[in-house]
Amino acid sequence: MLNFEFQNPTRIVFGKDQVSQLSRLLPRDAKILFTYGQGSIKRNGVYDAVLGALKGFTYVEFGGIEPNPSYETLMKAVEIVKKEGISFLLAVGGGSVIDGTKFIAAAPFVAGDPWDILTGKAEVTKALPLGTVLTLPATGTEMNGNAVISRYSTKEKLAFSSPLVKPVFSILDPQYCFTLPDTQISNGVVDAFVHVMEQYLTYPVGAGVQDGFSESLLRTLMEVGPKVLHNKTNYTYAATFMWATTMALNGLISAGVPEDWSTHAIGHELTALHGIDHAKTLAIVLPGVMHVMRENKKDKLIQYGHRVLGIQNPSADNIDQIIAMTEAFFHAMQIKTRLSDYGVGKDTVQIIVDRFRQRNQLLGERADMGPEVIEKVLLSRL
Ligand code: NZQ
Ligand code: ZN
């Protein structure tokens, strides 16, 4: 096992109607900015429940954060934070609202342009505390320090990470899944599945606990995913789905193991250029990474084939079957897995490859995926 440090300060409050706990969890004397998305919470009762819990608190609302939250919109909230002297942020929504709120928390303390924390030119040195009410299980953002922000004017989508923006608390009520459109359930299951894969499908380092936990999460998501999709209001399935997505990206399974975020890095470019949903980009790219990087990942591919997919005595000869079974799971989740399914062709492949070349960015657990390898991955997915 590799050396690691692990600390997760987020308090999880999980279960039915736990939004009522907000009044206990929020700091009494704070001036709160209550952030949300484009209206789903007003249609499913979450907004009213939050307002009920906010009685007696001082707060300002900021709605309208888009899916794939934009720098342009978030900067408007940063102005409000400064003008109103906000001291605590409450994000109510999916990954986009929570990620956007992490940016709002950190941006006021950046000396120059806050976009610099996305490009790596500036560090997060300080952030306002934030709490969340999660309405869409998928990203794990409710228990991690990551945020992915888009800049619409330049078609860029970049991530930053800091322990300072880990939520102080997150309320997880599985009942909120009942109103999710099918496509968001599919996206949530596949996003979390690929999160586990990017922390698991590298090379063995004798990390038995992390491997076993990852395999359990992968099996659980494969089993419960189609069930949630076809039984949307089943609380037991929703609860399993929600907890699996949180555990998939909260630092636990990545502790002490190599990681490979190449599928996400390439996928973000597809979202930035074509607006394809985040999880759908992952379902396109991951089979390509498995295919092109099969030699690097051979041992873990075989382990995954045996322990997750249930193939008896698998060997390197089974790798094509292992990739096909993974892709079949994405199809079972009603997600298409080819670039051509989304009208994306070779011209986009070249743009993406050039972007990685310009950034001098190497991907993969061994940092050996340069522009030529990324090109191979994408061309295999046309
Ligand atoms: O905007 P509203 O009206 O709230 O509607 C949203 C949005 O249209 C809707 N929705 C959310 N909860 C709902 C609901 N509709 C009905 N009932 C509910 N209970 O769903 C739509 C999608 O929401 P969004 O927040 O965009 O989805 P998701 O949670 O999948 O987040 C995606 C974003 O997270 C980033 C992605 O790149 C993308 O920008 N990620 C963040 C990560 C992190 N912070 O660790 C890791 C991930 O890999 C990912 O990159
Ligand atoms: Zn993701």
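Reader: Happy to start at the sheet: which residue in strand 8 is the bridge partner of isoleucine 12?

Author: Good place to begin, and please keep in mind that this is a predicted model. Strand 1 and strand 8 (residues 169-172) run parallel and are joined by 4 bridges. Within strand 8, isoleucine 12 has as its bridge partner serine 170.

Reader: And which residue in strand 8 is the bridge partner of glycine 131?

Author: Here we turn to strand 5 (130-134). Strand 5 runs parallel to strand 8, and 4 bridges join the two. The strand 8 bridge partner of glycine 131 is phenylalanine 169.

Reader: What is the strand order of the open sheet?

Author: The sheet has 6 strands with parallel pairing. Strand 1 (11-14) and strand 3 (58-62) are the edge strands, each pairing on one side only. On average, and with direction ignored, neighbouring strands are turned by 15 degrees against each other. Read across the sheet, the order is 1-8-5-4-2-3.

Reader: Are the residues on the two faces of strand 8 buried or exposed?

Author: One side carries Phe169 and Ile171, and the other carries Ser170 and Leu172. Both faces of the strand are covered, and these four residues are all buried.

Reader: What angle does helix 9 make with strand 1?

Author: Helix 9 (residues 235-248) packs on the sheet, where it touches strand 1, strand 5 and strand 8. Helix 4 (residues 71-84), for its part, lies across strand 2 (31-36), strand 3 and strand 4 (88-93), at about 160 degrees to strand 3. For helix 9 and strand 1, the angle between directions is about 170 degrees.

Reader: What is the relative accessible area of phenylalanine 34?

Author: Phenylalanine 34 belongs to strand 2. Beyond its neighbours within four places in sequence, its contacts include Ile41, Tyr47, Val50, Leu90 and Val92. Buried means under 20%, and phenylalanine 34 counts as buried because its relative accessible area is 0%.

Reader: How far apart in space are phenylalanine 34 and aspartate 341?

Author: Along the sequence, phenylalanine 34 and aspartate 341 are 307 residues apart. From C-alpha to C-alpha, the separation in space is 38 Å.

Reader: Why does the largest nonpolar core lie between domain 1 and domain 2?

Author: This core has 78 residues, and helix 7 (residues 182-200) gives the most to it, with 9 residues. The core lies between the domains because both of them give residues to it: domain 1 (11-176) and domain 2 (182-379).

Reader: Which residues touch the most other members of that core?

Author: Leaving aside neighbours within four places in sequence, phenylalanine 193 is in contact with residues including Leu218, Met222, Tyr304 and Phe330. Apart from this core lies another, of 23 residues, with Tyr47, Val50, Phe57 and Ile171 among them. In the largest core, the residues touching the most other members are Phe193 and Tyr304.

Reader: Finally, what are the protein donors of the zinc ion (ligand 2)?

Author: Along the chain the donors follow the spacing D-x3-H-x68-H-x13-H. Histidine 264 in helix 10 (residues 262-274) and histidine 278 in helix 11 (residues 278-292) are 14 residues apart, and both are buried. Lying 2.0 to 2.2 Å from the zinc ion, the protein donors are Asp191 (OD), His195 (NE2), His264 (NE2) and His278 (NE2).

Definitions and conventions: Residues are numbered from 1 along each chain as its sequence is written. Chains are lettered from A and ligands numbered from 1 in the order in which they are written. This is a predicted model: local features need pLDDT of at least 70, side-chain atom pairs count only at pLDDT 80 or more; totals for chains, interfaces and linings use all residues. Side-chain values use heavy atoms; hydrogens and water are left out. Donors are N, O and S atoms within 2.8 Å of the metal (3.2 Å for Na, K and Ca); water is not among the atoms, so sites may look incomplete. Buried means under 20% relative accessible area, exposed over 50%, partly exposed in between (1.4 Å probe, protein chains only). Two strands pair if DSSP finds at least two bridges between them. Axes are lines fitted to C-alpha atoms, for helices over the stretch in contact, and angles run from 0 to 180 degrees between N-to-C directions. Contact means heavy atoms within 4.5 Å. A nonpolar core is a set of buried Ala, Val, Leu, Ile, Met, Phe, Trp, Tyr and Cys residues joined through side-chain atoms within 4.5 Å. Domain bounds come from an automatic or database domain assignment.
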